[in-house]
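Welcome! Please take a look at the model below, and then we will walk through it together, topic by topic.

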Amino acid sequence: MSEDYHFSITETNKADFTEIVIKNKLTGEFVSIIPEYGARIKELRLSNGKDIISILKAVTDINSNDRDDIFTNAKLSPFAGRIKDGKYSFQQTEYSLPINYPEENNACHGFIFNKSFSVVEKVLKGDSASCTLEYYYDNEYE
């Protein structure tokens, strides 16, 4: 890669996941993404004009069983909130979702938060960088 790029994209294989880091080499700001765990943002550090600070709660243990940790920085898709009793109707058809908040009897936060995303493309330009990730939903959920 040319030294003219203001950004870098690195991909590091950890024990049970890959970490993609997009970093602004001029400012030190960066985002860290874990594709295998719902394309979760592991860490986001941006400048407040004086320091580089953490903007989101960093994921420190990707294998935590604590519900707050499981959904930290996760993609809440295809729904972000709670669906009472895990049931809804659309165009006169009734649907049901798995209850993953049993104490509330709700389906919550979608069902791709823990799915493995594929890296489709990584792009470096002179003053920008991007990483495109995708997940193919096959109409099945656990």
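In what order do the five strands of the open sheet come, and is their pairing parallel or antiparallel? The order is β1-β2-β3-β4-β5, and the pairing is antiparallel. Please keep in mind that this is a predicted model, in which local features need pLDDT of at least 70 and side-chain atom pairs count only at pLDDT 80 or more, while totals for chains, interfaces and linings use all residues. Residues are numbered from 1 along each chain as its sequence is written, and side-chain values use heavy atoms, with hydrogens and water left out.

**The chain as a whole**

- The protein chain has one helix and 11 strands; helices (H or I, at least four residues) and strands (E, at least two) are DSSP runs, numbered from the N terminus.
- Following the sequence, you meet these elements in the pattern β-β-β-β-β-α-β-β-β-β-β-β.
- The C-alpha trace spans about 55 × 30 × 30 Å along its principal axes.
- Of the 142 residues in the protein chain, 33% are buried; buried means under 20% relative accessible area, exposed means over 50%, and partly exposed lies in between (1.4 Å probe, protein chains only).
- About 9,100 Å² of the protein chain is exposed, and carbon and sulfur atoms supply 48% of this area; accessible areas come from the Shrake-Rupley method with a 1.4 Å probe, and for residues only the protein chains shown count as cover.
- If we take contacts between residues at least 6 apart in sequence, 41% of them join residues at least 24 apart; a contact means heavy atoms within 4.5 Å.

**The five-stranded sheet**

- The edges of the sheet are β1 (7-13) and β5 (52-54), each of which pairs on one side only; two strands pair if DSSP finds at least two bridges between them.
- From one strand to the next, the twist averages 15°; the axes are lines fitted to C-alpha atoms, for helices over the stretch in contact, and angles run from 0 to 180 degrees between N-to-C directions.
- Seven bridges connect β1 with β2, and these strands run antiparallel.
- Ser8 has Lys23 in β2 as its bridge partner.
- A hairpin is formed by β1 and β2, with four residues between them.
- Strand β2 (residues 18-24) is joined to strand β3 (residues 30-34) by four bridges, again in an antiparallel arrangement.
- You can find Ile22 opposite Val31 in β3, and Ile20 has Ile33 in β3 as its bridge partner.
- The hairpin of β2 and β3 has five residues between the strands, and Gly28 takes a positive phi near 90° there.
- Most of β2 is covered, with six of its seven residues buried.

**Salt bridges**

- The structure holds six salt bridges; a salt bridge is a side-chain nitrogen of Lys or Arg within 4 Å of a carboxyl oxygen of Asp or Glu.
- Lys14, Glu19 and Lys42 are linked in a network of salt bridges.
- In the pair of Glu19 and Lys14, the closest N and O atoms are 3.4 Å apart.
- Glu19 is buried, with a relative accessible area of 10%, whereas Lys14 is partly exposed, at 40%.
- In the pair of Lys42 and Glu19, the closest N and O atoms are 3.6 Å apart.
- Lys42 lies in strand β4 (residues 40-47) and Glu19 in strand β2, so this pair ties together parts that are 23 residues apart in sequence.
- Arg45 and Glu43 form another salt bridge, with their closest N and O atoms 2.5 Å apart.
- Arg45 is partly exposed, with a relative accessible area of 27%, while Glu43 is buried, at 18%.

**On the surface**

- Leu46, Ile53 and Ile55 make a nonpolar surface patch of about 210 Å²; patches are made of residues with over 30% relative accessible area and no salt bridge, where like charges are joined within 9 Å and nonpolar side chains (Val, Leu, Ile, Met, Phe, Trp, Tyr) within 5 Å.
- Ile53 sits in strand β5 and is partly exposed, with a relative accessible area of 32%.
- Phe90 belongs to strand β7 (residues 87-90) and is partly exposed, with a relative accessible area of 48%.
- Phe90 and Ser118 are 28 residues apart along the chain, and their C-alpha atoms are separated by 30 Å.
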